[in-house]
Amino acid sequence: MSFSKILTRWYSVNKRNLPWRETKNPYFIWLSEIILQQTQVKQGLPYYEAFITKFPTVFDLAKADESEVLKLWQGLGYYSRARNLHFTAKYVVDELNGAFPNTYKELLKLKGVGDYTASAIASICYDESTAVVDGNVYRVLSRCFGIDTPINSTSGIKEFKALAQELIDTKDPATFNQAIMEFGATQCRPKNPDCMFCQFQEKCIAYNEGKVDTLPVKLKKLKVKQRYFNFLVFLSEDKQTVLEKREGKGIWQNLYQFPLIETEKSLEYDAFLKLVKTHPYLKNKTFELRQYNNAPKVHKLSHQHLNTTFWTVTTESVENGIPFENITDYPVPILIGKFIEGFGGF
DNA sequence: AAAGCGGGGTC
DNA sequence: GACCCAGCTTT
């Protein structure tokens, strides 16, 4: 039996019921695919529900402010996805009258849509025979065909795309693409794959040569940078605080945060007090400084560890403040969100 | 070709 | 701790 036949037969029995599998509407498919980039179904699902509820059509999404979109995205990470999502919604509405492109080639031109997402939308919505290659597909193909080319090398990317394109069921590319991803997600898992009940047991090279645990091959590991964040949580007599929008490059672009002082290392109370006394935020001001968390809280991003201390700064008044009770209106990194939740307020 | 970009989950 | 996740963009 062919690879495709075994796979789609497995899928017909084992597929999960997921809301985006009930539609071919390109808006819903596009939205789900952006949410699911580098994100597990379990984590993305509630966000998908929230987005289709608040923004039932691409027109609704296009009309929103970017901050509203980021607020709804809060906690999901990789916030460029949300910014690009909003940008593309506006583009589709303003330039394409709300109609999404209907070919792989045209979809690829949308901001935030790369090879994977263009292939997914083109196949699922328009039955175009373009193979998706995501983390699941790399794993399934590298194991089944015993390919040890690094999946994040230029040659590996080409090789796996070509193989997937060769294997795809041109009669039903939508089902094939979803089946191979589902198979990777639930059966051919990274750890503890279910080889005992696998339909590919006979032909899987990794299984038959004992290489399941060493495939796929991935190059290098990134080194984690240590950073030291100090957030100033202003508390004024009229119950205001200060939030600033993160501009420019780097993490959390366009999200809000308490005024930040980044240091070279973690500082104790006395050293930090001395520092902030001369800092523009507090120079020549009267304030009372309190250290909220004794030991720095380590917030782990994939490439940075943020050693974070929150400091409350009680003052008579603040400039450019916002009522503390309105703080949850603003999109914030989850690190800030968790602090606010635990802190409560005045 | 390599780096930058989140947060949650698993082992 | 290390690794992974329905990847994309920028340098």
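By class, the surface near DNA strand C is made up of nine nonpolar, nine polar and 10 charged residues (Ala, Val, Leu, Ile, Met, Phe, Trp, Tyr, Cys and Pro count as nonpolar, Asp, Glu, Lys and Arg as charged, and the others, Gly among them, as polar; near means that a heavy atom of the residue lies within 4 Å of the strand). This is a predicted model, in which local features need pLDDT of at least 70 and side-chain atom pairs count only at pLDDT 80 or more, while totals for chains, interfaces and linings use all residues. Residues are numbered from 1 along each chain as its sequence is written, chains are lettered from A and ligands numbered from 1 in the order in which they are written, and side-chain values use heavy atoms, with hydrogens and water left out.

Staying with DNA strand C, 28 residues surround it, and Gln38, Gly112, Gly114, Asp134 and Arg139 are the closest. Of the strand C atoms that come within 4 Å of the protein, 69% belong to sugar and phosphate. Some polar contacts can be picked out here (pairs of N or O atoms within 3.5 Å; within protein, one must be able to donate a hydrogen and the other to accept it, and residues adjacent in sequence count only if both atoms are side-chain atoms). The backbone of aspartate 115 puts an N or O atom 3.4 Å from a phosphate oxygen of DNA strand C, and the side chain of asparagine 136 has an N or O atom 3.0 Å from a phosphate oxygen of that strand. Tyrosine 116 goes for a base instead: a polar atom of its side chain is 3.3 Å from a base nitrogen of DNA strand C. The elements giving two or more residues to this surface are α8 (115–126), α9 (135–144) and α11 (173–186); helices (H or I, at least four residues) and strands (E, at least two) are DSSP runs, numbered from the N terminus.

Now for DNA strand B. Around it sit 23 residues, of which Tyr78, Thr154, Gly250, His299 and His303 come nearest. The class count for this surface is eight nonpolar, 12 polar and three charged residues. Sugar or phosphate supplies 67% of the strand B atoms within 4 Å of the protein, and bases supply the rest. Tyrosine 79 has a polar side-chain atom 2.9 Å from a phosphate oxygen of DNA strand B, and a polar backbone atom of isoleucine 251 is 3.3 Å from a phosphate oxygen of the strand. With serine 302, the partner is a base nitrogen of DNA strand B, 3.2 Å from a side-chain N or O atom.

Chain A splits into domain 1 (3–214) and domain 2 (225–343), with bounds from an automatic or database domain assignment. Their centres, taken over C-alpha atoms, are 37 Å apart. Nine residues of domain 1 contact 12 residues of domain 2 (heavy atoms within 4.5 Å). The two domains bury about 870 Å² between them, 52% of it on carbon and sulfur atoms; buried area is the accessible area (1.4 Å probe) that two parts lose on being put together, summed over both. Five residue pairs are in polar contact across this interface, both residues at pLDDT 80 or more. On the domain 1 side, helix α5 (residues 66–73) gives the most, with four residues.

Two backbone details round things off. The peptide bond from leucine 215 to proline 216 is cis, with omega near 0°, and proline 216 lies in the loop between α12 (205–208) and β1 (225–236). Lysine 239, in the loop between β1 and β2 (240–241), has a positive phi, near 60°. Most residues other than glycine have a negative phi, and most peptide bonds are trans.
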